[in-house]
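Reader: Hey, got a minute to walk me through this one? I'd like the overall picture before we get into details.

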Amino acid sequence: FHTVHASYSWDRALFVFVRKELESAVSNVNSSEVYLGVAGIAGNKGAIGLRMTLFDTHLVFVNCHLAAHKGEVERRNSEYRALVRRLSALASSRKDDLLVFAAHYMFWLGDLNYRIDLDREECLKLINEQKWEQLAEYDQLRNEQIKERTFYRFREGALNFPPTYKMLPSGFEYTDERNRTPSWCDRVLFLHPAGTQLELHEYRPLMESGGSDHRPVLASASVELVHTTGLGVFEAASMSNNSPTRSHQPSAFSPRLGSALLTYQHARAKKEQLQLRLLSVRIVLCNAGSYGTGHQRQQHQHTGSSSAIQKESSLDSSGNAVPLSGAGNGNAERDANEIQAWDDQTWWCEVWSSCFRQTTEIQLCEKSASISSPTGTSLVSWEQDELPVIDIFEKQLESVQKQYMRILVRSRDRGTEPRGRVLSWLGAPASAIDGSTAFDEPILRDGLPVGRATGRFAIESMQVARRTSLSDAALASRLASFSSPKS
């Protein structure tokens with residue numbers, strides 16, 4: 001294995017490795033560290049984060065330690081929001097947010113410190129009876145996720161194992177120190193947008209690993225690499241250079257050769273110029289910018305592998321979805337200091353994607369919001385004649401369908417700070433009727449939803465458009481010649 005990253009910070013560590021034959025495919029390695037302890041600067045609480053690219057697949061890893069004690073739920077939620085803000089250095093650009101920058105896979109792990117809301121004796125009784133589902137109903141993290149107060153849209157494996165805290169340093173018994181309730185403090189969560197595939201193979205504790213009052217948790221998953229034109233050629237060359245007869249020799253497949261092959265494969269496939277035509281955009285924001293979408297989570301049965309995050313759920317160790325029961329309208333009490341009249345505010349959106357030919361945001365025209373009474377929900381919408389047609393850098397439709405569009409929602413009163421951000425997959429299935437694609441995505445701020453963005457777009461070929469116009473012109477010319485006196 002090749003070490004991509006290794007770092008320590010107080011009681012946290014983060015190590016990332018790749019197989020030797022993939023070393024030349026790793027790029028854009030960037031790490032960040034945040035302290036959240038005493039006075040918001042001590043290192044006993046905080047996080048280490050890493051962003052890397054494997055071929056063209058963006059991966060993010062975060063290891064964090066949040067506030068302790070059963071009664072500190074809101075403090076843990078607040079620390080999560082702070083980490084999302086302060087780990088923004090891991091995003092691909094200053095315009096992006098940690099959770100809205102088209103990272104294909106994000107793994108967030110560590111001592112999250114969320115507890116089980118039961119007294120110790122009742123909790124031990126359920127543990128002894130192995131009633132994991134009933135015990136999970138009192139898990140603070142799951143319940144806060146249902147209420148959309150923390151780790152929005154993150155998933156994890158099923159909690160079908162004993163809590164990993166608070167245990168004797170050796171053995172399998174829980175300590176009675178300070179009458180602490182056993183809890184699932186140590187977690188591995190993951191997040192991936194629509195259009196990507198993640199399969200969870202294993203999620204379990206290592207109860208035999210002592211030395212602490214916590215027990216580590218292991219998660220094993222496989223993901224589908226995206227943006228990998230030429231990957232088959234790269235793998236074939238890597239395999240031939242690492243065949244059993246040459247297993248002890250270094251690979252002769254250089255990073256430069258790999259890049260040349262990838263570029264060549266991509267260049268050969270370029271045939272036509274594509275455009276993104278925005279047909280409608282509608283922005284709905286919650287009252288006073290409070291967190292929550294006002295949408296209930298969808299209840300559904302086990303659905304097999306995880307291919308998109310359009311239904312909030314967790315996964316069991318076989319990759320099956322485990323529904324999160326209940327519904328939440330967000331935390332309406334939070335951010336009460338932001339309550340104000342929004343009807344006289346001016347709003348606009350900025351749209352961009354790494355596949356757009358323009359390198360800067362494309363700004364939609366400014367509009368005034370309409371207010372829905374009595375909820376105070378703010379609504380802004382743009383129709384097709386107000387929206388741009390955007391040239392796309394990619395010339396393969398298959399490549400564009402693996403890209404994402406980002407939208408920044410802004411208002412005059414907030415200056416340069418956006419109200420929220422949206423991430424929408426350009427490869428979502430198109431309508432069989434008109435060929436357009438609908439999107440319906442949450443608007444996120446600090447990792448939590450503050451509203452929804454909906455609309456439609458279409459990806460069109462400029463080449464096809466030109467052929468159509470030439471054909472129409474030729475037809476008009478022919479008709480004109482038939483109607484002339486010379487005919």
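Author: Sure, we can go from the whole chain down to a few of its parts.

Author: One thing up front: this is a predicted model.

Reader: Okay. How many helices and strands are in the chain?

Author: The chain has eight helices and 22 strands.

Reader: And what share of the residues is buried?

Author: Buried residues come to 50% of the 487 in the chain. As for contacts with a separation of 6 or more, 67% of them are between residues 24 or more positions apart.

Reader: What about the surface, how much does the chain expose?

Author: About 23200 Å², with carbon and sulfur atoms supplying 50% of that.

Reader: Which residues make the nonpolar surface patch?

Author: F1, Y8, F15 and F17 make a patch of about 540 Å². Y8 belongs to strand β1, residues 2–9. Y8 counts as exposed because its relative accessibility is 64%, and the cut-off for exposed is over 50%.

Reader: Switching to strands. Is β7 mostly covered or open?

Author: Mostly covered: six of the six residues in β7 (186–191) are buried.

Reader: Which residues sit on each side of β7?

Author: D186, V188 and F190 are on one side, while R187, L189 and L191 are on the other, and all of these are buried. In a regular strand, side chains alternate between the two faces of the sheet.

Reader: How does β6 run relative to β7, parallel or antiparallel?

Author: Antiparallel, with six bridges joining β6 (residues 105–111) to β7. Within that pairing, R187 of β7 has G110 opposite.

Reader: Now helices. Which residues of α2 are buried?

Author: In α2 the buried ones are R120, C123, L124, L126 and I127. They line one face of the helix, because they fall within an arc of 160° seen down the axis of α2.

Reader: What do those buried residues pack against?

Author: They pack against α3, residues 132–136. E121 and N128, on the other side of α2, are exposed.

Reader: Where does K125 fit in?

Author: K125 is in α2, which covers residues 120–128. With 48% relative accessibility, K125 counts as partly exposed, because that class lies between the cut-offs of 20% and 50%. K125 and L135 are ten residues apart in sequence, and their C-alpha atoms are 9.9 Å apart.

Reader: Last one: which residue with a positive phi follows α2?

Author: That's Q130, and its phi is near 55°.

How values were computed. Residues numbered from 1 in each chain as written. Predicted model: local features only at pLDDT ≥ 70, side-chain atom pairs only at ≥ 80, totals over all residues. Heavy atoms only, no water. Buried < 20%, exposed > 50% of the residue type's maximum accessible area, 1.4 Å probe, protein only. Helix = DSSP H or I, 4+ residues; strand = E, 2+ residues; numbered from the N terminus. Pairing = 2+ DSSP bridges. Contact = heavy atoms within 4.5 Å. Areas by Shrake-Rupley, 256 points an atom, 1.4 Å probe, with all protein chains shown as cover. Patch = residues over 30% accessible without salt bridge, like charges linked within 9 Å, V, L, I, M, F, W, Y side chains within 5 Å. Salt bridge = Lys/Arg side-chain N within 4 Å of Asp/Glu carboxyl O. Arc of directions from axis to C-beta.
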